[in-house]
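Hello,

As promised, I am passing the structure on to you. Have a look at it first, and then read on for what turned up.

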Amino acid sequence: MVANATKTPTIQQCKSKGRENDSIVVDMDGALLTQRGAFPYFALVAFDVGGILRLLLLLLVAPLAWISRHLLSESAEVRVLVFATFVGVKIRDIKSAANAVLPKHYSEDLHPDTWRVLSACGGRKCVVTVNPRIMVEPFLKNYLDVDLVLGTEILSWRGVATGLVAAPGVVVGEEKAVAVGKAFGNSPAPDIGIGDAETIDFSFANLCKEKYTVPSKPRARPVKPDELPKPVIFHDGRLVQKPTPLTALLIILWFPIAVPLSILRTLIATQLSPLSLSYYIFHLIGLPIIVKGAPPPKPNRSHGNGVAFVCSHKSLVDSVIVCVALGRPAVSIVYSVSRLTEIVSPLKSCRLMRDRAHDAKLISDILKSGHDLVICPEGTTCRENYLLRFSSLFAELTDEILPVAINLRAGMFYPSTARGRKWLDMFFFSMNPRPVYEITFLDKLTPEQTCGGSGKSSYEVANNVQEMIGRVLKFECTNLTRKDKYRMLAGTDGLVGDKVRGG
């Protein structure tokens, strides 16, 4: 029997205190999430696993999915979306997208009251959803500590998705009640059931001791991602925004313009612009740079060591942008970039080998020769407002240190990836309609702030520089490293040539 939503108390009436031993079942669609439509999440996966053509296919069938929902059933809608998104895609690629791309976007849609109750329960936590389990499980288990996920299963053949739904079919309506009943079996009935008040999916809550609905209006403001016990610090994928049908259409219409524009911008920026004029040329081609602080004057090359510009890291063009802001070249210290990136870079670059003795000699020789260098001691990018741990190597080798805070507003495409083709990073940066770089030059470290002048350890100096940059950017400093990021998102150590391990 379907629960009568009009007589059922709302989630706002549910007390969260004293729930340490309570079990709970929550409907993800319209109850745990404020976002009721599934299209944006399917679109994120479609673009990640199949690029612009797969996104186009999904958008073309979106009207059919809408018609199917309103004339047939929600089950028919889900089958259409599943087929367009998954047919012919390797299961490992779907799992990879679900693990690396979707958590960030799911975390931005959590209903505050549902999360308040779910997080308070210390018993068994179960989430039921009409969407494919393979899409939602990594977020629910890794970030919300959910014990059991009940969702639609997809069929595969030899590791490739067929685009069809496995038996018993789409988990919707009474199927949710059946799934919850089987999951709990002979165990005590769940203490709390929370569902969407506007659908027939609330019948599973009849199996629970208490049941609550989540009204759609007024729409709740989602939980702030940084308020979660496990904030999503690392994520991947190229799309900055969650693509609604309108946003997806705009992306598809922009793409044929963006590709040649990106090539033209990259050619002009890397090959045809003298550094003395690049600041103005970058503005003219739609790549504005905002410079704050006072860029240091050109040093006297007749004596002395070069300066180490120690930067936060947002994309592989950071060093180029810093040199444009300076108006003069410097040596770029790189960790693991594609060969194409090194070829087209207008700067001399030196690759670190992750051999401390070798890397120390390389950096020391550059500085002793009087050349400035740009180094990003995080070793990789972080898209959210966090700074990864700074390697202390630069602090051991020089006292001529100038911190540089870098931030980037991309708008449409992320110019970095942990799992994709890194040689495309520079092009995705230029494919944004108007990406904006913000460069802030901090004061050069005083002798009292360096190893040589104060006797501080290199770790103390590196941590101090990290904190200085973090204060300017209003970013949180962490002890996370490059390896943490790549192992979480790609299952590798982050070297070019490493193959992403499938789940």
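To start with a small puzzle: does Arg36 count as buried, exposed or partly exposed, or in short, which of these classes fits Arg36? Arg36 counts as partly exposed, at 32% relative accessibility. Here buried means under 20% relative accessible area and exposed means over 50%, with partly exposed in between (1.4 Å probe, protein chains only).

Before the details, please keep in mind that this is a predicted model, in which local features need pLDDT of at least 70 and side-chain atom pairs count only at pLDDT 80 or more, while totals for chains, interfaces and linings use all residues. Residues are numbered from 1 along each chain as its sequence is written, and side-chain values use heavy atoms, with hydrogens and water left out.

**The chain as a whole**

The chain has 18 helices and 16 strands. These are DSSP runs numbered from the N terminus: helices are H or I with at least four residues, strands are E with at least two. Along the principal axes, the C-alpha atoms fill a box of roughly 85 × 50 × 45 Å. The radius of gyration is 26 Å, which agrees with the value near 23 Å for a compact globule of 503 residues; it is taken over C-alpha atoms, and the globule rule is 2.2 Å times the number of residues to the power 0.38. Of the 503 residues, 57% count as buried.

**The sheet**

Seen in strand order, an open sheet of 7 strands runs 8-15-14-9-12-10-11, with mixed pairing. Strand 8 (289-292) and strand 11 (349-351) stand at the edges with a single partner strand each, so one side of each has no neighbour in the sheet. On average, neighbouring strands are turned by 25° against each other, direction ignored. That angle is between axes, which are lines fitted to C-alpha atoms (for helices over the stretch in contact), and angles run from 0 to 180 degrees between N-to-C directions. Two strands pair if DSSP finds at least two bridges between them.

Strand 9 (residues 308-311) is a good place to zoom in. Strand 9 pairs with strand 12 (residues 373-375) in the parallel sense over 3 bridges, and Val310 has Ile375 as its bridge partner there. Strand 9 also runs parallel to strand 14 (residues 401-409), joined by 4 bridges, with Leu402 as the partner of Phe309. In a regular strand the side chains alternate between the two faces of the sheet. In strand 9, Ala308 and Val310 point one way, Phe309 and Cys311 the other way, and all are buried.

At the edge, strand 10 (residues 331-334) and strand 11 run parallel, joined by 3 bridges; Ile333 has Cys350 as its bridge partner.

**Salt bridges**

The whole structure holds 25 salt bridges, each a side-chain nitrogen of Lys or Arg within 4 Å of a carboxyl oxygen of Asp or Glu. Back to Arg36: its side chain meets that of Asp196 in one of them (2.9 Å, N to O). Asp196 lies in strand 6 (residues 192-196) and Arg36 in the loop between helix 1 (28-32) and helix 2, so the pair ties together parts that are 160 residues apart in sequence. Asp196 counts as buried, at 4% relative accessibility.

Another pair is Arg19 and Asp22, with the closest N and O atoms 2.9 Å apart. Arg19 is buried at 7% relative accessibility, and Asp22 is buried at 15%.

Glu396 and Arg356 form a salt bridge too, at 2.6 Å between the closest N and O atoms. This pair links distant parts of the chain, with Glu396 in helix 14 (residues 393-397) and Arg356 in helix 13 (residues 356-368), 40 residues apart. Glu396 is partly exposed at 40%, and so is Arg356 at 42%.

**Backbone details**

Ala167 and Pro168 are joined by a cis peptide bond, with omega about 10°. Pro168 sits in the loop between strand 5 (160-165) and helix 8 (174-184). Arg158 is not a glycine but has a positive phi of about 55°; this residue lies in the loop between strand 4 (154-157) and strand 5 and is exposed, with a relative accessible area of 73%.

Enjoy exploring, and best wishes!
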